[in-house]
Amino acid sequence: MGRKRHQCRRILKSRKLNKLKKEEQNKVGSINSNTYICKLTGETIYQKDEHQLIAIMINNEPGAIPQSSLSQAEYLYEALIEGGATRIMAIYHHNYPKKVGPIRSARPYFMQIAKSLNAYYVHCGGSPQAYRLFKQNYIPHIDAIYTGGGIFYRTSDRKAPHNLYSTMENLLKYFDKKGYKKQQSYKFYPLTDNVVNKYTSSNSKVKIRFSGWYYVKYEYDPAKRVYKRFVKEKPHVDKETGMQLFAKNLIILVAKYDTIKNDDKGRQEVDFSKGKGYLLQEGKTIPITYTFDIKNSFSMKDNDGQEIQLLKGNTWFEIVPQYGKVEIK
């Protein structure tokens, strides 16, 4: 009798363990089925967090630094504007910050890049050349100047125009209300865990001069395997976190800049249809050639003609004028 009771207990215990095991397997399967690899950075995310790409014009003048939530952007593009300053276009895919900005005006060459990524475009005002494109429905966009409803807001800690912000939640609501549909495809690059493209030398520092008074620096951190960013000599930090900005992949593209004729502000037009540059990864310098078109964005190859592969993580694109100076050490 005692032996039978013992056997029954063992059977019940075994059934209970099997049930718990199946529940755990189902739970893990459910998690795996909901996870997704971000095509821009290689990060594991929940599929529900794969959003429409949104490109936001970010003020980079001295009164606007530090900015909010640049550390959460997957791609960042920096290019020269009038007056020797630069502007940054931040691309957000699965990281959707609660505060982003300061937001500034549109320029056609940033719009070209955003369009090539199938991104929606966010700005406050723009050059006459940009507004001509908007009138042609060049790209789905939201202009803070002509948008009410609490989509944008200004803070009191800074003077205009360096204090305009929004949230990704508000921006999404606007695009949904307008009936814009999420793009089903967008540009991304092959991702890898290790440097695979042909490199010619090692590096630890790079200085990129855009104009007579503005330059940025990056220093390679071998412990974290990233390039830490400096504006001139000061660490460039995220206002929301205090964290220094960095690049896992640093892409330098040399482009042809010209001042637009008869433009009263000295605005620029930029030709980046093709050219040369560098990809910096984990202390290695990879010379590259590139081409650009609206369907494929920037296509880049190393000296062996192989398509570049990005390391998993974020990427900064520095679009430097032909008269600028790049020092890689």
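Here are some exercises with worked solutions on the predicted model shown above.

**Exercise 1. Get your bearings: how many helices and strands does the protein have, and what percentage of its residues count as buried?**

Start with the secondary structure, which comes to four helices and 24 strands. Next, look at burial: of the 329 residues, 50% count as buried. Then turn to the surface. The accessible surface comes to about 16,800 Å², and 49% of that belongs to carbon and sulfur atoms. Finally, check how contacts spread along the chain. Take the contacts between residues at least 6 apart in sequence: 63% of these join residues at least 24 apart.

**Exercise 2. Find the aromatic pairs, then work out how Tyr-77 and Phe-317 are arranged: what is the distance between their centres, and what is the angle between their planes?**

A search of the whole structure turns up 22 aromatic pairs. Pick out Tyr-77 and Phe-317: their ring centres are 4.3 Å apart, and their planes differ by 10 degrees. Planes under 30 degrees apart count as stacked, and this pair is indeed stacked.

Now place the two residues in the chain. Tyr-77 belongs to strand S4 (residues 75–80) and Phe-317 to strand S23 (residues 315–321), so the pair ties together parts that are 240 residues apart in sequence. As for exposure, Tyr-77 is buried and Phe-317 is buried too.

Try a second pair for contrast. Phe-175 and Tyr-180 have their centres 5.7 Å apart with 50 degrees between the planes, and this pair is tilted. Phe-175 counts as buried because its relative accessibility is 1%. Tyr-180 has a relative accessibility of 30%, so it counts as partly exposed.

To finish, see where ring pairs join up into a cluster. Tyr-77 and Phe-317 belong to one, along with Tyr-75, Tyr-189, Phe-272, Tyr-290, Phe-292 and Phe-298.

**Exercise 3. Look for lysines over rings: which ring does the charged end of Lys-115 sit over, and which face does Lys-207 lie over?**

Go to Lys-115 and follow its side chain to the charged end. That end sits over the ring of Tyr-138, 4.9 Å from the ring's centre. Then move to Lys-207, which lies over the face of Tyr-215 at 4.4 Å from the ring centre.

**Exercise 4. Describe the surroundings of Asn-249: is this residue buried or exposed, and which side chain does it join in a polar contact?**

First, locate Asn-249 in strand S17 (residues 249–259). Its relative accessibility is 0%, so Asn-249 counts as buried. Next, check its side chain, which makes a polar contact of 2.8 Å with the side chain of Gln-281. Then list the neighbours, leaving out residues up to four places away in sequence: among those Asn-249 touches are Leu-279, Leu-280, Gln-281, Leu-310, Gly-313 and Trp-316.

**Exercise 5. Trace the salt bridges: how many are there, and which residue pairs with Glu-82?**

The count comes to 16 salt bridges. Glu-82 pairs with Arg-107, and the closest N and O atoms are 2.5 Å apart. Glu-82 is in the loop between S4 and strand S5 (86–92), while Arg-107 is in the loop between S5 and helix H2 (108–116), 25 residues apart. The cut-off for buried is under 20% relative accessible area. Glu-82, at 17%, therefore counts as buried, and Arg-107, at 5%, is buried as well.

Move on to Glu-240 and Lys-99, whose side chains meet in a salt bridge of 3.8 Å, N to O. This pair links distant parts of the chain, 141 residues apart: Glu-240 is in the loop between strand S15 (234–235) and strand S16 (246–247), and Lys-99 is in the loop between S5 and H2. Glu-240 counts as partly exposed because its relative accessibility is 39%, whereas Lys-99 counts as buried at 18%.

Now take Glu-318 and Arg-229, a salt bridge with its closest N and O atoms 3.0 Å apart. Glu-318 lies in strand S23 and Arg-229 in strand S14 (residues 226–231), 89 residues apart. Glu-318 is buried at 0% relative accessibility, and Arg-229 is buried with a relative accessible area of 0%.

Last, look for a network. Salt bridges link Glu-61, Arg-87 and Arg-104 into one.

Methods: Residues numbered from 1 in each chain as written. Predicted model: local features only at pLDDT ≥ 70, side-chain atom pairs only at ≥ 80, totals over all residues. Heavy atoms only, no water. Phe/Tyr/Trp six-rings, centres within 6.5 Å; stacked < 30°, edge-to-face > 60°. Helix = DSSP H or I, 4+ residues; strand = E, 2+ residues; numbered from the N terminus. Buried < 20%, exposed > 50% of the residue type's maximum accessible area, 1.4 Å probe, protein only. Lys NZ or Arg CZ within 6 Å of the ring centre and 35° of its normal. Polar contact = N/O pair within 3.5 Å; in protein donor to acceptor, adjacent residues only side chain to side chain. Contact = heavy atoms within 4.5 Å. Areas by Shrake-Rupley, 256 points an atom, 1.4 Å probe, with all protein chains shown as cover. Salt bridge = Lys/Arg side-chain N within 4 Å of Asp/Glu carboxyl O.
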